[in-house]
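This report examines a structure through its cysteines, its charged pairs and one of its sheets. Please keep the sequence and the model in view while reading.

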Amino acid sequence: MSVQAATNGSADVSKKLLAAHIRVPDHVVYRTFVRETVVLNLATGRYHGINPTGGRILDLLTDDATLGSAAQVLADEYGRPLAEVERDVCTFCEELRERGLIEVSLNGSR
Amino acid sequence: MAVAEVSPAHERFAAPQHEVWRGRALGITLESAAPFPGLPFCADGAPGRIATWHEERAQAVDQAWQLEDGEVVVDLRHTDGRVFMRIDRRSDEGYRIWAPYYGRHLVSADGRSIRSALPNVSPWRWQRLFFAQTLPLAAALQGLEVFHASAVALGGRVSAFVADSGTGKTSVAAHLVALGATFVTDDVLAIEAAGDTVVAHPGPARLSIDDSELRRIPDGQRSRLGVPIGRSDKLMIEPEPTSAPLPLAGLYFLKRPASEVSRVTINEADATATRSLLGSGFLAYLDTPHRLRNHLEVCSAIAERTRLYDVLIPKGARAREVAATTLAHADGFAHHAG
């Protein structure tokens with residue numbers, strides 16, 4: 001099941017997704033630059049640029065946050081409604097997952 | 001201006017030699033049987049990254065490399081279809097670099113061995129391929145990161161220039177040397193992230209410049225560039241590179257023509273700097289995970305520990321003006337930082 005499908009699904013599925021962790025696969029590395037974070041897929045040789053907000057999300061998620069707890073931190077930092085930020089975080093993770101840049105563990109393990 | 005011819009390679013390297021000669025450029029200490037023209041002599045006892053170089057007959061090089069087994073990673077052609085340069089790769093053995101009239105070179109997969117079959121021409125001619133492709137490849141295979149850039153040293157710190165081909169990297173560097181800077185490298189820059197600093201390694205003693213650009217350098221300053229040693233489409237000069245690696249202070253992206261300015265202007269680099277930096281890597285065909293990771297690491301270190309600037313160059317502005325503006329900027333930065 002994709003993150004997007006989970007986001008559009010039932011409340012139970014969404015809860016499960018917000019409790020999920022992500023993992024950056026071994027073939028992916030990323031570095032934060034001044035104006036963007038660059039994610040490199042070593043398997044394809046492709047660089048992916050993400051904006052500072054995306055970089056912040058990635059930092060939180062790789063620092064052991066769940067999608068839900070990362071959304072909570074961001075909602076506090078940016079003064080945005082939690083539900084809106086949760087949707088944005090889930091959408092962002094789906095985009096990274098589609099590109100093979102992260103793996104999402106819906107069962108809570110990393 | 002007189003052009004001094006150096007003795008052909010087959011004469012220079014024909015005599016049997018028993019001592020190992022060491023020269024260094026782009027962070028690689030090249031060990032050879034005889035002095036290697038264009039490589040500054042390596043006088044210290046800490047050779048660092050070593051590559052051994054042997055000149056061999058073309059037949060021996062061809063026998064050592066069966067073309068059909070390799071993967072073609074670069075195949076550049078003239079407009080009439082003739083080969084301009086070809087590079088083949090065999091993952092277990094390394095690389096074969098070949099350009100007609102410039103020789104063929106086998107570089108081992110670890111970058112520690114180079115075997116060359118050379119054409120019967122003056123060294124400065126075949127060295128154009130050696131210094132532009134072969135030695136940078138050896139450097140990259142040994143863990144250095146190579147960029148398409150020229151560089152000079154000012155006050156013991158290196159300023160490097162990145163730009164598309166034909167934008168004036170070499171010309172700006174040449175004018176800066178004429179104005180008193182120390183030559184570091186022309187067209188290929190080897191970088192190493194070491195501790196808290198980013199270090200730039202000096203290149204070979206070679207600078208290839210348009211005659212017309214050289215004539216724009218005042219007579220009294222031209223000798224600072226070094227001795228002309230040959231001429232093809234450009235004039236080949238033998239400058240004296242800085243004797244040791246130096247910290248990289250700043251990286252200047254040359255942008256022309258810049259319609260938004262009426263004179264050469266230097267600003268903090270804009271949002272495209274990260275991509276420009278990532279895109280200025282040399283040897284794009286060297287795309288192993290190890291190299292890709294190292295490239296990102298070094299670019300990250302450059303962005304974090306040095307200053308990045310855009311040099312906006314209006315239409316018609318000369319390299320001399322760019323050099324003078326850069327010199328004033330670098331001096332100001334050095335005073336401010338110091």
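C299(B) has a relative accessibility of 0% and therefore counts as buried. This value, like every other in the report, comes from a predicted model. A second cysteine, C90(A), is also buried, with 4% relative accessibility. Which cysteine sulfur is closest to that of C90(A), and why is there no bond? The closest one belongs to C93(A), and the separation of 6.7 Å is too far for a bond. A disulfide is a covalent bond between the sulfur atoms of two cysteines. The cut-off applied here is 2.5 Å between the sulfur atoms. By this rule, the count over all chains is 0 disulfides.

**Charged pairs**

Side chains of opposite charge can pair when their charged atoms come close. Over all chains, the count comes to 27 salt bridges. The table lists some examples.

| Basic residue | Acidic residue | N to O distance |
|---|---|---|
| R97(A) | E94(A) | 3.2 Å |
| R49(B) | E192(B) | 3.0 Å |
| K255(B) | D310(B) | 3.2 Å |

R97(A) and E94(A) both belong to helix 5 of chain A, which covers residues 82-98. They are 3 residues apart, about one turn of the helix. R97(A) is partly exposed at 30% relative accessibility, whereas E94(A) is buried at 6%.

The salt bridge between R49(B) and E192(B), with its closest N and O atoms 3.0 Å apart, involves two strands. R49(B) lies in strand 3 of chain B and E192(B) in strand 12 (residues 188-194) of chain B, so the pair ties together parts that are 143 residues apart in sequence. R49(B) counts as partly exposed, with 22% relative accessibility, and E192(B) counts as partly exposed, with 21%.

K255(B) and D310(B) form a salt bridge as well. Here K255(B) is in strand 17 (residues 246-255) of chain B and D310(B) is in strand 19 (residues 307-312) of chain B, so this pair ties together parts that are 55 residues apart in sequence. K255(B) is partly exposed, its relative accessible area being 24%, while D310(B) is buried at 4% relative accessibility. In chain A, salt bridges that share partners join R23(A), D26(A) and E103(A) into one network.

**A sheet in chain B**

Strands of a sheet pair through backbone hydrogen bonds, either parallel or antiparallel. In chain B, 8 strands form an open sheet with mixed pairing, and their order is 1-2-3-8-7-6-5-4. Why is one side of strand 1 and of strand 4 of chain B left without a neighbour in the sheet? Strand 1 (21-25) and strand 4 (71-77) of chain B stand at the edges, and each has a single partner strand. From one strand to the next, the twist averages 20°.

Within this order, strand 6 (residues 94-99) and strand 7 (residues 103-108) of chain B pair in the antiparallel sense over 6 bridges. G94(B) stands opposite S108(B), which is in strand 7 of chain B. Helix 3 (residues 123-141) of chain B packs on the sheet. The strands of chain B that helix 3 touches include strand 2 (28-32), strand 3 (49-55), strand 5 (83-90) and strand 8 (113-117). The direction of helix 3 makes about 10° with that of strand 7 of chain B.

Technical notes:
Residues numbered from 1 in each chain as written. Chains lettered and ligands numbered in written order. Predicted model: local features only at pLDDT ≥ 70, side-chain atom pairs only at ≥ 80, totals over all residues. Heavy atoms only, no water. Pairing = 2+ DSSP bridges. Helix = DSSP H or I, 4+ residues; strand = E, 2+ residues; numbered from the N terminus. Axes fitted to C-alpha atoms, helices over the stretch in contact; angles between N-to-C directions. Contact = heavy atoms within 4.5 Å. Buried < 20%, exposed > 50% of the residue type's maximum accessible area, 1.4 Å probe, protein only. Salt bridge = Lys/Arg side-chain N within 4 Å of Asp/Glu carboxyl O.
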